Amino acid sequence: MKPIKATTHDTDALIELGRASVQIVHDLKNQVNGLKLYATFLRKRMEKSERPADELETINKIMAGLERAAADMTTLVRFGRPLELQPKPRLDLAALLAAATEGDFAPPPAGDDDSGDAYRGDFDAPVLSEALKHIHASARQLASKDAPPHVNLRRAETAPETTREAGAENGATPPPPSALIEWRGIRDAGGDEDIFNSFNGGAGLRLALAARVIHAHGGAVEQASDALRVRLPLRSDE
């Protein structure tokens, strides 16, 4: 099923539909969570009574389906509501990335020129970590079967040299430094379609939410034929 494409004449209708859908999905999520409790009760009862293996397998598949449905509904409800960040100062982006990628990225050792001290910024750690997890999960799905994607973190300027020089001549405050995260070693990340705005299933919705989180932090997301990229602002006093 292809996602609905908004046009200029139906934008208001889609906005109203989205608001109504978020409330409906919120109610459905509560019902699904209730079904999960019933399914858990049945599984425990079946385990005690030594039911056949195929019956236990069936109830486990039902629970897994309910958990996926509840997770997708939770993501949709969060996407449909205003994003309110609670950033804390001087958090280590390298450490957040290492935790979000579950061992696929190792932060630079302390004292190195590219150590975690070089990647301090004002971030909402739980929200940003979840966004990085969603991007990393999609990168793993797009990676070759033989190896996970290569995750790289480096400092980058937020504007070209000429732009910064012009700003300095005009007395403007120079732009703050930024961090560039790249997931390389992946297959075609979607061709002409922006996977950060595709809304293609639960994974697409989670990527869209991740992009919103990055933008809310003053950053940007980008896809290339062989990479996914995230840029985030850092503390200018680092």
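## Helix H4, helix H2 and Pro233 in a predicted model

Student: This is a predicted model. How far apart are the end C-alpha atoms of helix H2, residues 53-80?

Tutor: Helix H2 has 28 residues. At 1.5 Å a residue, H2 should span 40 Å. The model agrees with that, because the end C-alpha atoms lie apart by 41 Å.

Student: Which residues of H2 are buried?

Tutor: Buried means under 20% relative accessible area. In H2 the residues that meet this cut-off are Ile59, Met63, Leu66, Ala70, Met73, Thr75 and Val77.

Student: Turn to H4. What span is expected for this helix at 1.5 Å a residue?

Tutor: H4 has 18 residues. From its first C-alpha to its last, H4 reaches 26 Å. That is close to the expected span, 26 Å.

Student: Is Ser129 buried or exposed?

Tutor: Ser129 is found in helix H4. Leaving aside neighbours within four places in sequence, Ser129 is in contact with Leu96 and Ala100. Its relative accessibility is 15%. The cut-off for burial is under 20%, so Ser129 counts as buried.

Student: Which elements do the buried residues of H4 pack against?

Tutor: The buried residues of H4 include Val127, Leu132, His136 and Leu142. The buried residues of H4 pack against helix H3 (93-100), strand E2 (120-123), strand E3 (150-156), strand E4 (178-184), H6 and E6.

Student: How do the axes of H4 and H6 lie: parallel, antiparallel, perpendicular or oblique?

Tutor: The axes of H4 (residues 125-142) and H6 (residues 201-216) come within 9 Å. They cross at roughly 135 degrees. Over 145 would count as roughly antiparallel, and 65 to 115 as roughly perpendicular. That makes H4, relative to H6, oblique.

Student: How many residues of the contact of H4 with H6 are charged?

Tutor: From H4 come Val127, Leu128, Ala131, His134, Ile135 and Ser138; from H6 come Arg206, Leu207, Ala210, Val213 and Ile214. Of the residues in this contact, eight are nonpolar and two polar. Arg counts as charged, and the number of charged residues is one.

Student: Where is Pro233, and what is its exposure class?

Tutor: Pro233 is in strand E6 (residues 227-233). Its relative accessibility is 24%. Burial needs under 20%, and exposure over 50%. Pro233 therefore counts as partly exposed.

Student: What distance separates the C-alpha atoms of Pro233 and Asp122?

Tutor: Along the chain, Pro233 and Asp122 are 111 residues apart. Beyond its neighbours within four places in sequence, Pro233 has contacts that include Phe123, Pro177 and His217. The C-alpha atoms of Pro233 and Asp122 are separated by 8.4 Å.

Definitions and conventions:
Residues are numbered from 1 along each chain as its sequence is written. This is a predicted model: local features need pLDDT of at least 70, side-chain atom pairs count only at pLDDT 80 or more; totals for chains, interfaces and linings use all residues. Side-chain values use heavy atoms; hydrogens and water are left out. Helices (H or I, at least four residues) and strands (E, at least two) are DSSP runs, numbered from the N terminus. Buried means under 20% relative accessible area, exposed over 50%, partly exposed in between (1.4 Å probe, protein chains only). Contact means heavy atoms within 4.5 Å. The expected span of a helix is 1.5 Å times one less than its number of residues. Axes are lines fitted to C-alpha atoms, for helices over the stretch in contact, and angles run from 0 to 180 degrees between N-to-C directions. Angles under 35 degrees count as roughly parallel, over 145 as roughly antiparallel, 65 to 115 as roughly perpendicular and the rest as oblique.
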